[in-house]
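Colleague: Could you take a close look at one part of this model for me, and walk me through what you find there in a connected way?

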Amino acid sequence: MMNNLKKVKKPLTIDQKIKRRNFISLSVFALSSAAAYKGWRILYTSPEEATGITGGAQVPLRRALNKTELFFRNFFSNNHLVKTYPKAMAAKNVRQNSNIGLESNIDIAGWKMEVKKSGGEVVHITIDQIKALPKTEIVYDFKCVEGWDQIQYWGGLKMIDFIEYFGLAEEIKMQYMGLITPDGEYQVGLDMPSAIHPQTILAYEMNGRPIPHNHGAPLRLIIPVKYGIKNLKRIGSMTFSNTRPPDYWAREGYDYYSGL
Ligand SMILES: Nc1nc2c(c(=O)[nH]1)N[C@H]1C(S)=C(S)[C@@H](COP(=O)(O)O)O[C@H]1N2
Ligand SMILES: [Mo]
């Protein structure tokens, strides 16, 4: 009686099972490939953004990049601090990367940082003026986009202290800070929240000693919330703006924000 009510399903043979599985996975593969191809076509045939501040990425891609940027900006609020380490953990042999803008000789004693204020006024600041102010030290994991990282120990003047001492409160109401080497060869653009993050410093010491030439003497940027590319060595000038300042690696196609 039971047999009449219930249609007995014959169990699938191993062979049939394999066939069925193959069919399912093939269909899934075909469908996702079609979707991927379509997505790629949309991206590929979409207009390229104008090459300028950022390299020529396809517009939707740039839109996506800008979305991630927004997410991270919100995520890394001013209160978020990068992890720090004891001094004993800092590398003795500090890695040294590219040296764009450091090729020419520099007269450390004669060096001055040029700060362009919003009213057009230009202020020149010496290394002694900067060293006269309270020093801040940090030991953290420096990360380069090329795939290396190292715990390093830097000392200098906190950017936010610098802003306060040199009366740049109006300037930091703008959206961006720009830094350029004295010869103009290497440039970095920073969103203001990162520039004035409590761990961002204008560094003049590495491992407790004046910064060596190839690491950016006499003054470089140490910005722990960003990848190495944003940590400009040998600062020549500082500007403030509401449009993105020139940025060496962004022009080469790297992410403008380059946050960790
Ligand atoms: N002026 C200048 N600053 C620069 C660079 C550069 O080529 N020129 N390279 C950047 C990159 S990619 C990294 S990883 C760090 C490396 O700093 P370091 O040489 O002290 O390790 O500096 C950054 N600042
Ligand atoms: Mo780097």
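Modeller: In this predicted model, Tyr186, Tyr248, Trp249 and Tyr254 are joined into a cluster by ring pairs. A search through the whole structure yields seven aromatic pairs, and one pair is formed by Tyr140 and Phe142, whose ring centres are 6.4 Å apart and whose planes meet at 50°, so this pair counts as tilted. Both Tyr140 and Phe142 are buried. The rings of Phe162 and Phe166 also make a tilted pair, because their planes stand at 40°, with 5.0 Å between the centres; Phe162 is buried, its relative accessible area being 0%.

Turning from the rings to the ligand, the space that ligand 1 takes up is the largest pocket. The shell around ligand 1 holds 19 residues, of which Arg95, Ser98, Ile100, His215 and Lys233 come nearest, and by residue class this shell divides into eight nonpolar, eight polar and three charged. Among the polar approaches to ligand 1, a polar side-chain atom of Ser98 lies 2.7 Å from an oxygen atom of the ligand, and a polar side-chain atom of Arg220 lies 2.8 Å from an oxygen atom of ligand 1. With Asn231 the backbone takes part, since one of its N or O atoms is placed 2.9 Å from a nitrogen atom of ligand 1. Taken alone, ligand 1 exposes 530 Å², and the protein buries 99% of that area.

Definitions and conventions: Residues are numbered from 1 along each chain as its sequence is written. Chains are lettered from A and ligands numbered from 1 in the order in which they are written. This is a predicted model: local features need pLDDT of at least 70, side-chain atom pairs count only at pLDDT 80 or more; totals for chains, interfaces and linings use all residues. Side-chain values use heavy atoms; hydrogens and water are left out. A residue is near a molecule or strand if one of its heavy atoms lies within 4 Å of it. A polar contact is a pair of N or O atoms within 3.5 Å; within protein, one must be able to donate a hydrogen and the other to accept it, and residues adjacent in sequence count only if both atoms are side-chain atoms. Accessible areas come from the Shrake-Rupley method with a 1.4 Å probe; for residues, only the protein chains shown count as cover. On a 1 Å grid over the protein atoms alone, a cavity is a set of points where a 1.4 Å probe fits but cannot get out, and a pocket is an open set with protein on both sides within 12 Å along at least five of seven lines; lining residues have an atom within 4 Å of a point. A molecule sits in a cavity or pocket if more than half of its atoms lie within 2 Å of its grid points. Ala, Val, Leu, Ile, Met, Phe, Trp, Tyr, Cys and Pro count as nonpolar, Asp, Glu, Lys and Arg as charged, and the others, Gly among them, as polar. Rings of Phe, Tyr and Trp (its six-membered ring) pair if their centres lie within 6.5 Å; planes under 30 degrees apart count as stacked, over 60 as edge-to-face and the rest as tilted. Buried means under 20% relative accessible area, exposed over 50%, partly exposed in between (1.4 Å probe, protein chains only).
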